[in-house]
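User: Please take a close look at the annotated binding site in this model. Add how the helices pack against one another.

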Amino acid sequence: DLLVVGSANADLVIGVERRPGAGETVLGSDLAVHPGGKGANQAVAAARLGARTALLARVGDDTHGRLLLDAQRASGVDTVGVLVGGAPTGVALITVDPSGDNSIVVSPGANARLTPGDVRAAASLFQASRVVSAQLEIPLETVVETVRNLAEGSRFVLNPSPPRPLPTEVLAACDPLIVNEHEAKVILGDSAVGGSPEDRARILLAKGPRSVVVTLGAEGALVASAQGVTRVAPVKVDAVDTTGAGDAFTAALAWRLGRGAALTEAAAYAARVGAVAVTREGAQASFPTAAEVEAL
Ligand code: ADP
């Protein structure tokens, strides 16, 4: 059903009382290592909901790469498209202070070596997918090549994170472009100053995507298309950790679209998936099954 083209990272997390300054050493908690990266997260989120999902990504020939592959397989993701080698697995070095604020250093590693050629070599995965989902933790030229390799009739979903200006060719393929408020502002630049989220959704749509979804955290989401702008009501939950909520939302939306749902319907379902994800700690560990979404 779904092909995710994107990143896979090992998240290395240490709790600290405070962050070290230059030349300083501080002691932290025991190290926790979690599978992460937006591509890997989306693939796990979709597979856990029951989607037939494949991941096109690159990891290193190292323990972090094996951890990531194991996490994908344990969730039922097809990993034939996960390429191994060329650079160490991507890593996010995360320190979390007592107030919950985190500081993150990302080493893209193998993610930066996922090439347009890797995309062309994965033609059979593209042929088998009704929806292809991407993010921006891989080279932009690889995302451009992804758009060029979409099978006839298949749909492209992009969460431009981390955000940067997008080529017209990529924007025009998005159906939808999925952004949070921060990503919307970066993509719009000066034209986003002032105005409501609805205004921003309209301006984004005018930049060329076939449809736009703006996620608003606890406020729900907005859907903008040729039919106009509609609000997706928030789902009231007690949030404990919002890590990965956007990835769960995007994966769920992409899967429902592939199953023929209308965009507003798919976004409403995705909001429920995101809502369950924020009630639990972690990223991949927080993603619900379809039964858990029903139970909400
Ligand atoms: P990101 O993680 O990319 O910043 P958001 O924080 O907007 O994205 O979250 C994505 C979606 O997850 C939201 O549109 C919403 O549906 C759901 N969500 C996020 N935070 C909450 C929350 N506190 N309560 C309910 N739903 C939430």
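Analyst: What follows covers the annotated site and then two helix pairs.

The model is a predicted one. The site itself comes from a record: an unreviewed UniProt entry places the feature "binding site" at N180, T215, L216, G217, A218, E219, G220, G246 and D247. Two of these positions, T215 and G220, are described here in detail.

T215 belongs to strand β11, which covers residues 212–215. Its surroundings hold 26 C-beta neighbours inside 10 Å, and because the cut-off for a buried residue is 20 or more, T215 counts as buried. Leaving out residues up to four places away in sequence, T215 is in contact with I178, N180, A221, G246 and F249. N180 and G246, which are among these contacts of T215, are also listed in the UniProt feature.

G220 lies in the loop between β11 and β12, the latter being residues 221–225. Here the count is 18 C-beta neighbours inside 10 Å, so G220 is classed as partly exposed. With residues up to four places away in sequence again left out, the contacts of G220 are R231, V232, A233, P234 and A271.

Next, the helices. Two packed helices are described by the angle between their axes and the distance between the axes.

Helix α7 spans residues 181–188 and helix α8 spans residues 197–206; their axes come within 11 Å and cross at roughly 50°. The two helices are therefore oblique to each other. The crossing of α7 past α8 is left-handed. On the α7 side the contact involves E181, A184, I187 and L188, and on the α8 side P197, R200, I203 and L204. Sorted by class, this contact has six nonpolar residues, two charged residues and no polar ones.

The other pair consists of helix α1, residues 38–49, and helix α2, residues 63–74, with axes that come within 9 Å and cross at roughly 20°. That angle makes α1 roughly parallel to α2, because angles under 35 degrees count as such. α1 also passes α2 in a left-handed crossing. A40, A43 and V44 of α1 meet L68, A71 and Q72 of α2. In the contact of α1 with α2, five residues are nonpolar, one is polar and none is charged.

To return to the site: T215 is buried, while G220 is partly exposed. For the helices, α7 and α8 are oblique to each other, whereas α1 is roughly parallel to α2.

Notes
Residues numbered from 1 in each chain as written. Predicted model: local features only at pLDDT ≥ 70, side-chain atom pairs only at ≥ 80, totals over all residues. Axes fitted to C-alpha atoms, helices over the stretch in contact; angles between N-to-C directions. Helix = DSSP H or I, 4+ residues; strand = E, 2+ residues; numbered from the N terminus. Parallel < 35°, antiparallel > 145°, perpendicular 65-115°, else oblique. Left-handed = near helix turned anticlockwise from the far one by under 90°. Contact = placed C-beta atoms within 7 Å. Nonpolar A, V, L, I, M, F, W, Y, C, P; charged D, E, K, R; others polar. UniProt positions renumbered as here; feature names shortened; annotations may be inferred. Buried ≥ 20, exposed ≤ 12 C-beta atoms within 10 Å, placed from the backbone.
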